[in-house]
Amino acid sequence: MTIQKPRDIAIDRAASQLTITWADNHRSEYALRWLRANCPCATCREERRTAALETDFLKLASGPLPSTQIAGAELVGNYAIRLRWTDNHDTGIYTFVLLRASCPCPQCHPEGVVPLLPDE
Ligand SMILES: [Zn+2]
Ligand SMILES: [Zn+2]
């Protein structure tokens, strides 16, 4: 698998999406809601794991919803992007390898949107 680097990264707050144009000109459009729901940080992964174990999705749904508004973004080295949400959650580091692998476009995933990470 070739590791793709982004050529351009744009956050469209109005459309609530992050668009990455890759070096091979492929465009990936990620919904901010999806990015937040798939936050790869240890805390969020643990929360999702616990929720899955308890099969208590209602509990998650009834709690305060995490922010899906982006306050800022910064590159981490040349391999990832760190997103900061308006509720100050900023521990999620989204690697380009994973982002590209889970590109939600129908060309990459005709079967539908996949999670960023497999949650064990
Ligand atoms: Zn997180
Ligand atoms: Zn794609």
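A residue counts as buried when its relative accessible area is under 20%, as exposed when that area is over 50%, and as partly exposed in between. Keep this rule at hand. The model used here is a predicted one.

## Exercise 1: Histidine 26

**Task.** Decide whether histidine 26 is buried or exposed, then describe its surroundings.

**Solution.**

1. Take the value. Histidine 26 has a relative accessible area of 11%.
2. Apply the rule. The cut-off for buried is under 20%, so histidine 26 is buried.
3. Place the residue. Histidine 26 is found in the loop between strand 2 and strand 3.
4. List the contacts. Neighbours within four places in sequence are left aside; histidine 26 then touches Ile20, Thr21, Arg100, Cys103, Cys105, Gln107 and Cys108.

## Exercise 2: The zinc ion (ligand 2)

**Task.** Find which residues coordinate the zinc ion (ligand 2), and work out why the arrangement counts as tetrahedral or irregular.

**Solution.**

1. Name the donors. They are His26 (NE2), Cys103 (SG), Cys105 (SG) and Cys108 (SG), at 2.0 to 2.3 Å.
2. Check the angles. The four donor atoms subtend 103 to 115° around the zinc ion (ligand 2).
3. Compare with the limits. Four donors count as tetrahedral if all angles lie between 85 and 135 degrees. The arrangement is therefore tetrahedral.
4. Recall the ideal. For four tetrahedral donors the ideal angle at a metal is 109.5 degrees.
5. Read the spacing along the chain. The donors follow H-x76-C-x1-C-x2-C.
6. See what is linked. Histidine 26 sits in the loop between strand 2 (17–22) and strand 3 (27–31), and cysteine 108 in the segment after helix 4 (96–101). This pair links distant parts of the chain, 82 residues apart.
7. Classify cysteine 108. Its relative accessible area is 28%, so cysteine 108 is partly exposed.

## Exercise 3: The zinc ion (ligand 1)

**Task.** State which protein donors hold the zinc ion (ligand 1), and where they lie along the chain.

**Solution.**

1. Name the donors. Cys39 (SG), Cys41 (SG), Cys44 (SG) and His89 (NE2) lie 2.1 to 2.3 Å from the zinc ion (ligand 1).
2. Check the geometry. The angles among the four donor atoms are 103 to 114°, and the site is tetrahedral.
3. Read the spacing. The pattern is C-x1-C-x2-C-x44-H.
4. Place two of the donors. Cysteine 39 is in the loop between helix 1 (32–37) and helix 2 (42–54), while histidine 89 is in the loop between strand 5 and strand 6. The two are 50 residues apart in sequence, so the pair ties separate parts together.
5. Check the burial. Cysteine 39 and histidine 89 are both buried.

## Exercise 4: The sheet with order 1-2-3

**Task.** Describe how strands 1, 2 and 3 are arranged, and which of them stand at the edges.

**Solution.**

1. Start with the order. The three strands form an open sheet, 1-2-3, with antiparallel pairing.
2. Find the edges. Strand 1 (6–12) and strand 3 each have a single partner strand, so one side of each is left without a neighbour in the sheet.
3. Note the twist. From one strand to the next it averages 15°.
4. Count the bridges. Strand 1 and strand 2 pair over six bridges. Five bridges join strand 2 to strand 3.
5. Find opposite residues. Alanine 10 faces threonine 19 in strand 2, and isoleucine 20 faces serine 28 in strand 3.
6. Look at the turn. Strand 2 and strand 3 form a hairpin with four residues between them. Asparagine 25 in this turn has a positive phi of about 75°.
7. Sort the side chains of strand 3. Ser28 and Tyr30 point to one face and are buried. Arg27, Glu29 and Ala31 point to the other face and are not buried.

## Exercise 5: The second sheet and the core

**Task.** Describe the sheet with the order 4-5-6, then name the residues that touch the most other members of the largest nonpolar core.

**Solution.**

1. Give the pairing. This open sheet of three strands is antiparallel.
2. Find the edges. They are strand 4 (70–76) and strand 6 (93–95).
3. Note the turn between neighbours. It averages 25°, direction ignored.
4. Count one set of bridges. Strand 5 (residues 80–85) and strand 6 share three. In strand 6, threonine 95 is the bridge partner of alanine 80.
5. Turn to the core. It has 21 residues, and Tyr30, Leu35, Leu83, Trp85, Tyr94 and Leu99 touch the most other members.
6. Name the contributing elements. Strand 2, helix 1, strand 5 and helix 4 give two or more residues to this core.

Technical notes
Residues numbered from 1 in each chain as written. Chains lettered and ligands numbered in written order. Predicted model: local features only at pLDDT ≥ 70, side-chain atom pairs only at ≥ 80, totals over all residues. Heavy atoms only, no water. Donors = N, O, S within 2.8 Å, 3.2 Å for Na, K, Ca; no water. Tetrahedral: all angles 85-135°; square planar, octahedral: opposite > 155°, others 65-115°. Buried < 20%, exposed > 50% of the residue type's maximum accessible area, 1.4 Å probe, protein only. Contact = heavy atoms within 4.5 Å. Pairing = 2+ DSSP bridges. Axes fitted to C-alpha atoms, helices over the stretch in contact; angles between N-to-C directions. Core = buried A, V, L, I, M, F, W, Y, C linked by side-chain atoms within 4.5 Å.
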